[in-house]
Amino acid sequence: MILVDKLGILDYLQKKELTKQKQAKIISLLINKDEQNTREFLTYGDQDKEPKDPEKKKYFYKTLKNIDFIDNLFKEMNLS
């Protein structure tokens, strides 16, 4: 999900003022994942701080490890 964010797809969909459900439908088709699961990542994963609730915590994708992985990938491909 962080790659979708980094590529600007989330910003684009938000500018279109789509609901989280519609955003999830589009993204789930792009990444070939479950729509409901994608919606939960959109709802709970895009927070500045990691949620304390264990059920929501599993959707938090903005971890330092994930960010570093994508940043390194972009550097390797000369995209940063």
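A residue counts as exposed when its relative accessible area is over 50%, and as buried when that value is under 20%. By this criterion K49 is exposed, because its relative accessible area is 70%. The model in which these values were computed is a predicted one. K49 lies in the loop between helix 4 (35-44) and helix 5 (54-57). Its C-alpha atom is 23 Å from that of Y12, a residue 37 places away in sequence.

The fold surrounding this loop is built from 6 helices and 0 strands. Along the sequence the elements therefore read α-α-α-α-α-α. The radius of gyration of the chain is 13 Å, close to the 12 Å that the globule rule gives for 80 residues, so the chain is as compact as a globular protein of that length. Along the principal axes, the C-alpha atoms fill a box of roughly 35 × 30 × 20 Å. Of the contacts between residues at least 6 apart in sequence, 30% join residues at least 24 apart.

The surface may be considered next. The accessible surface of the chain amounts to about 6000 Å², and carbon and sulfur atoms account for 52% of it. The chain carries 16 positive and 14 negative side chains, with the centres of the two sets 2 Å apart.

Turning to the interior, 25% of the 80 residues count as buried. In soluble globular proteins, nonpolar side chains tend to be buried together. The largest nonpolar core in this chain has 10 residues: I2, V4, L10, L13, A24, I27, L42, Y61, I70 and F74. Two or more of these residues come from each of helix 1 (2-6), helix 2 (9-15), helix 3 (20-31) and helix 6 (64-76).

Two core members show how the contacts are arranged. L10 touches V4, D5, I27, L42 and Y61, when residues up to four places away in sequence are not counted. Of these partners, V4, I27, L42 and Y61 are also listed in the core.

L13, the second example, is located in helix 2. Is L13 buried or exposed? Its relative accessible area is 5%, which is under the 20% limit, so L13 is buried. Leaving aside neighbours within four places in sequence, L13 is in contact with L18, Q23, I26 and I27. I27 thus appears among the contacts of L10 and among those of L13. A24, another member of the core, is 11 residues from L13 in sequence, and the two C-alpha atoms are 9.8 Å apart.

Key:
Residues are numbered from 1 along each chain as its sequence is written. Side-chain values use heavy atoms; hydrogens and water are left out. Helices (H or I, at least four residues) and strands (E, at least two) are DSSP runs, numbered from the N terminus. The radius of gyration is taken over C-alpha atoms; the globule rule is 2.2 Å times the number of residues to the power 0.38. Buried means under 20% relative accessible area, exposed over 50%, partly exposed in between (1.4 Å probe, protein chains only). Contact means heavy atoms within 4.5 Å. Accessible areas come from the Shrake-Rupley method with a 1.4 Å probe; for residues, only the protein chains shown count as cover. Lys and Arg count as positive and Asp and Glu as negative; His and the chain ends are not counted. The place of a charge is taken as NZ of Lys, CZ of Arg, CG of Asp or CD of Glu. A nonpolar core is a set of buried Ala, Val, Leu, Ile, Met, Phe, Trp, Tyr and Cys residues joined through side-chain atoms within 4.5 Å.
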